[in-house]
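Let's take a walk through this model together, beginning with its empty spaces and ending with one of its helices. Please have the viewer open as you read.

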Amino acid sequence: MASSSDPLIGLAAGRLTGPLVRALGLPRPRALRREDGPYRSDELRGRQLVLTAMPGGHAGEAARSLLQALGARLLTETDLAADASAGVDIAVLDATGCRELASLAQLRSFFAPLLRRLAPCAKLLLLAPCPLEAARLSPEAAAAAQGIEGFVRSLAKELGRSHAATVNALQVPVAAASALLGPVRFFCSARSAYVSGRILCLDAGQALYASPDLPSVPGRLRERLAVVTGAARGLGAATAARLAEEGARVLCIDVPSAEPHLRELARRIQGDALALDISSAAAPAALCDWLRQHPGLAVDVLVHNAGITRDRSLFKMSEAEWNQVMAVNLQAILAIDAALDQADLLAPGAREICLSSISGIAGNAGQTNYATSKSALIGYVAARSAVLASRGATVNAVAPGFIETDMTRQIPWLIREAGRRLNALSQGGQPRDVAEAVAFLALPESGAVRGQTLRVCGQALMGA
């Protein structure tokens with residue numbers, strides 16, 4: 001269904017208005033398929049799957065078992081030959097055996113014949129070699145592994161506009177082939193509707209923390225505490241509600257001025273509310289005190305979502321405007337983490353997610369303070385990951401692009417339209433898209449993803 005905040009989606013799909021949109025040369029975004037509710041044990045039921053492997057691959061059989069257990073129907077070559085109209089919802093290539101430049105030709109030979117069969121909003125996934133393992137084999141193997149990245153990003157741009165399809169890759173070390181459940185389920189389902197052109201590297205050292213469940217059952221976060229800052233509105237509210245769907249008890253945190261919205265959200269999702277300015281010196285201790293007042297609780301999921309902007313050109317930006325953004329977007333996160341670490345209030349196997357931004361990757365005029373803080377978070381996440389690894393805990397970042405929120409609706413029309421269209425899917429994302437990425441990283445079965453930044457931007461063209 002088209003988003004009411006983006007009328008062009010409905011106009012492009014209209015029987016009478018569609019031809020006019022085409023005649024005017026306007027973008028023709030297609031409504032994205034999304035899921036409601038928690039993950040299901042049959043998440044992919046009814047989806048048509050095509051899967052093959054290059055010789056020497058080590059991840060294809062594990063992926064095949066997972067996808068079929070999640071309900072996908074595997075199409076054989078006989079099926080495809082017998083029914084020329086059979087649509088393909090999911091296409092997976094195990095390219096972990098790609099060690100020679102000649103092997104790259106198999107990328108074309110597998111995907112090209114399938115493109116005319118792709119269903120709307122299809123999911124294409126490559127299981128790729130681990131760059132470090134490839135480099136140890138030979139320079140040629142390293143080159144082949146790197147070539148897959150260029151293929152993924154280019155094909156994603158081709159198929160985003162034409163099919164509203166996404167193309168992503170997982171770099172899979174040999175030891176991490178058993179840790180595919182969370183990542184494969186996310187990238188092959190409608191949960192990743194606004195994530196495309198991304199390459200995530202699974203960490204073999206974290207594979208032992210992956211869930212052995214096959215497939216996962218609903219309520220994977222039941223009896224676990226999730227803390228979400230900046231939860232009263234927008235992305236924070238969507239994230240808190242999404243984690244509650246997975247069974248988590250959610251502690252919703254926001255500034256005192258937002259307390260009415262905060263308490264209403266907590267009531268609706270049966271969570272808890274804590275009015276707190278996270279940038280205040282007393283905030284870390286106040287959070288720790290709340291946890292101590294609830295014996296038996298430790299933080300299983302920590303979502304650092306709170307953030308502010310004070311946009312202005314650097315020439316006009318005041319010291320206060322710089323410092324305010326740094327205090328909320330960066331310093332508060334480090335202070336809260338340090339307090340939780342010192343008090344040993346992060347649960348073993350905890351999942352920490354920091355909200356960065358596409359501005360922190362590509363930069364943005366008038367946002368030197370904001371972009372600096374969000375880029376610094378990416379560096380912080382990469383380094384903190386090693387600190388948390390010994391406890392089986394992970395930390396990752398999510399970097400949203402243009403997301404349809406109350407804040408973006410205040411942007412002048414021309415700039416807003418540019419933000420919506422400058423991505424492979426030609427549209428803005430929804431708060432739910434960001435919440436789905438956070439939920440993916442928050443679940444136990446995503447333990448092999450750590451220290452990385454997942455962009456939720458429809459493959460934004462800036463910083464691509």
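How many cavities of 30 Å³ or more does the structure hold? In this predicted model, there is one cavity that reaches that size. Its volume comes to about 90 Å³.

To find this cavity on your screen, start from its walls. The lining of the largest cavity includes R33, R47, D89 and I90, then the run A119, P120, C121, A122 and K123, and finally C188, S189 and A190. Two strands, β3 (88-94) and β4 (118-128), each contribute at least two residues to that lining. The largest share comes from β4, which supplies five residues. If you colour the lining by class, you will see seven nonpolar residues, one polar residue and four charged ones.

From the closed space we can turn to an open one. The second largest pocket contains about 320 Å³ of space. It is lined by 14 residues, and those closest to its centre are V50, T52, E77, L80 and F110. Three elements each provide at least two lining residues here: strand β1 (48-53) and helices α4 (77-82) and α5 (105-111). Of the contributors, β1 gives the most, with three residues. Sorted by class, the lining of this pocket has eight nonpolar, three polar and three charged residues.

Now let's move along the chain to helix α9, which covers residues 234-245. This helix has 12 residues and spans 17 Å from its first C-alpha to its last, close to the 16 Å expected at 1.5 Å a residue. Is α9 enclosed by the rest of the structure or not, and why? Nine of its 12 residues are buried, so α9 is largely enclosed by the rest of the structure. The buried residues are L235, G236, A237, A238, T239, A240, R242, L243 and A244.

What do the buried residues of α9 pack against? Their partners include the strands β7 (225-229), β8 (249-254), β10 (299-304) and β12 (394-400), together with the helices α10 (259-269) and α16 (431-442). Try showing these elements around α9 to see its surroundings.

One last stop lies just beyond the helix. α9 is followed by G247, a residue with a positive phi, near 100 degrees.

Terms used. Residues numbered from 1 in each chain as written. Predicted model: local features only at pLDDT ≥ 70, side-chain atom pairs only at ≥ 80, totals over all residues. Heavy atoms only, no water. Helix = DSSP H or I, 4+ residues; strand = E, 2+ residues; numbered from the N terminus. Expected span 1.5 Å × (residues − 1). Buried < 20%, exposed > 50% of the residue type's maximum accessible area, 1.4 Å probe, protein only. Contact = heavy atoms within 4.5 Å. 1 Å grid on protein atoms, 1.4 Å probe; cavity = no way out; pocket = protein on both sides within 12 Å on 5 of 7 lines; lining within 4 Å. Points joined across faces, edges and corners; volume = space filled by probe spheres on them. Nonpolar A, V, L, I, M, F, W, Y, C, P; charged D, E, K, R; others polar.
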